[in-house]
Amino acid sequence: MAASVVEVNVNCNDEIVRPVANFSPSLWGDQFIKYTSDTQVKEEYSKAIEVLKNEVRSMLTAAGSEMVESMNLIDTIERLGISYHFESEIEDKLERFFSLNTNYEDEAYDLYTVSLHFRLFRQHGHRISSEILSKFKDDNGKFQEALKSDARGLLSLYEAAHLRIHGEDILEEGLAFATANLKSMAPNLGSPLRQQVVHALVQPLHSGNPRIEARNFISSYEEHESKNETLLRFAKLDYNLLQMLHKEELHEISRWWKELDLVAKLPYARDRAVECFFWAMGVYHEPQYSRARIMLTKTIVMTSIIDDTYDAYGTIEELNAFTEAFERWDISEIDRLPNYIKPFYRALLELYEHFEEELAQEGRSYAVYYAKEALKELVRSYHVEAKWFIEGYLPPFTEYLNNALITCTYCYHTTTSLLGTESAKREEFEWLRQKPKMLVAGLTICRVIDDIATYEVEKERGQIATGIECYMKENRVTKEEAVNKLFEMATNAWKDINEGCLRPSSYSRDVLIRILNLERIIDVTYKNNEDGYTRPEKVLKPHIVALFVNPIEI
């Protein structure tokens, strides 16, 4: 059990025993506060990128280029992380190719090519049928024996299968077939294909963070015999230039966080400002989302403190007052709060005042209203969980889940991810408020994967109202069976996410991609059932170093 802290309540002279978790300190110190960007290098990179961008655009729009060649080029550009420069050109190409209704029965289209085209069309929302893969089955309905030695084709099938929706049995079978054969052949493959297979088996492309995957693919692409030097140089320069922008944003966030000095005032809370920025960067890494990233990071940092206050420190009387203060959202409520939380409450209200002032200039102050309402809902649900913990109540699984889908924080953070996005209008906020199927799928993934990763630690702390405990008791099953059920729920929710990203959609694809990217961060952060946010040393630190510390060697 985590160590408890005993405090004296000066108002009533009673001892308060607080069930405090012992969280590790920040790994980063003042590292990002000290960062200063090199203006000369930025200018040199920017000029070189503009030249290369024109060359790559010419490749993309070249008249007469064949579909197979163009699709391979689009895939390479996307995997190198530079497709955001060519969104309209890529969309135009894919629209045109999709309208061709290509006959994939032609033997010229091998497993690699058909799977790649399926994946690219699905990634961009086109409803291409998975039945185009049926040509690779034998008379018994099994995938052909000859395919077992086609490593490149199997890898392409494996990646494509992760975009499956409900009812696509051929992709379920294809995933199992590809996974089994890739695992057995991986040790005997040559480089760089071996590294690509090993990486994919741990981290499928579709559920990976695009920026991390781009960094990994750049290293892999460099080893390709048929690599395009223009694309490779462009990708490296662009990666480093964008990293400079991310470092500037981290500098701003780190300085803001240090000036608030909440770490000293709230020593029970996790100090994870850099990890929160990593989370926001996973939602959108492109330069046009700079303001949105900063705003989202600040809301995640503040949510983390609220979470720790309810989960690991506050007494029920204090949390009652805190919850009511959130509902009223008024600085005059500060006098009713315990002293330790007053600086935080003031800082939170001031942060939202700043948001409101900034967005009012764009006629978007309504966005702040939706963010506040989502935060109030989150706090109410935290309050329910805290009372369960204090009372030792183990709810039925459905009751637990209804509340826990909110406390996973993704309803709130999907909303706040749109605060700094000018294209997000009132309709999108209203849509999220109605909790559409795609959002609920996202909440489900976040909740159950978090529950699996944090189960043992929560159990040590005496927390009984967890998803696994609730499911075990209600269904009289073992822990392993409960975990398998939660993984099954996540897998089904991913199919809902994939379905939600397909056209036609009444809502902006920009919003749909935010939901998708939030789930990708969950997949990365809780990889191998590790809580990478609470304990970032093993899971997140290597990613943060690669993304925000070390540039790529040019």
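This passage describes the overall form, annotated domains, cysteines and salt bridges of a predicted model. Residues are numbered from 1 along each chain as its sequence is written, and side-chain values use heavy atoms, with hydrogens and water left out. Because the model is predicted, local features need pLDDT of at least 70 and side-chain atom pairs count only at pLDDT 80 or more, whereas totals for chains, interfaces and linings use all residues.

The chain holds 23 helices and two strands, where helices (H or I, at least four residues) and strands (E, at least two) are DSSP runs numbered from the N terminus. Its radius of gyration is 25 Å, which agrees with the value near 24 Å for a compact globule of 554 residues; the radius is taken over C-alpha atoms, and the globule rule is 2.2 Å times the number of residues to the power 0.38. Along the principal axes, the C-alpha atoms fill a box of roughly 80 × 60 × 45 Å. Of the 554 residues, 57% count as buried, the term meaning under 20% relative accessible area, with exposed over 50% and partly exposed in between (1.4 Å probe, protein chains only). Among contacts (heavy atoms within 4.5 Å) between residues at least 6 apart in sequence, 74% join residues at least 24 apart.

Two domain features come from UniProt, in an unreviewed entry, and such annotations may be inferred rather than shown by experiment. The feature "Terpene synthase N-terminal" is placed at residues 27–201, a span that is 56% helix and 0% strand, with its end C-alpha atoms 29 Å apart. The feature "Terpene synthase metal-binding" is listed for residues 258–496, over which the chain is 74% helix and 0% strand and the end C-alpha atoms are 40 Å apart.

A search of the whole structure finds zero disulfides, a disulfide being a pair of cysteine sulfur atoms within 2.5 Å. For Cys-276, the nearest cysteine sulfur is that of Cys-446, 13 Å away, and Cys-276 is buried with a relative accessible area of 0%. For Cys-501, the nearest cysteine sulfur is likewise that of Cys-446, at 17 Å, and Cys-501 is buried at 7%.

Helix α21 (residues 479–500) contains Ile-497, which is buried with a relative accessible area of 0%. Leaving aside neighbours within four places in sequence, Ile-497 is in contact with Met-438, Ala-441, Gly-442, Ile-445, Ile-515, Leu-516 and Glu-519. The C-alpha atoms of Ile-497 and Leu-512, 15 residues apart along the chain, are separated by 8.7 Å.

The count of salt bridges, each defined as a side-chain nitrogen of Lys or Arg within 4 Å of a carboxyl oxygen of Asp or Glu, comes to 39. One of them joins Glu-499 and Arg-127, with the closest N and O atoms 3.0 Å apart; Glu-499 lies in helix α21 and Arg-127 in the loop between α4 (111–123) and α5 (151–161), so the pair ties together parts 372 residues apart in sequence. Glu-499 is partly exposed at 29% relative accessibility, as is Arg-127 at 43%. Within helix α19 (residues 437–460), Asp-451 and Arg-447 are four residues apart and hence separated by about one helical turn, and their salt bridge has closest N and O atoms 3.1 Å apart. Asp-451 is buried at 7% relative accessibility, and Arg-447 is buried at 8%. Elsewhere, salt bridges that share partners join Arg-291, Glu-358, Glu-362 and Arg-364 into one network.
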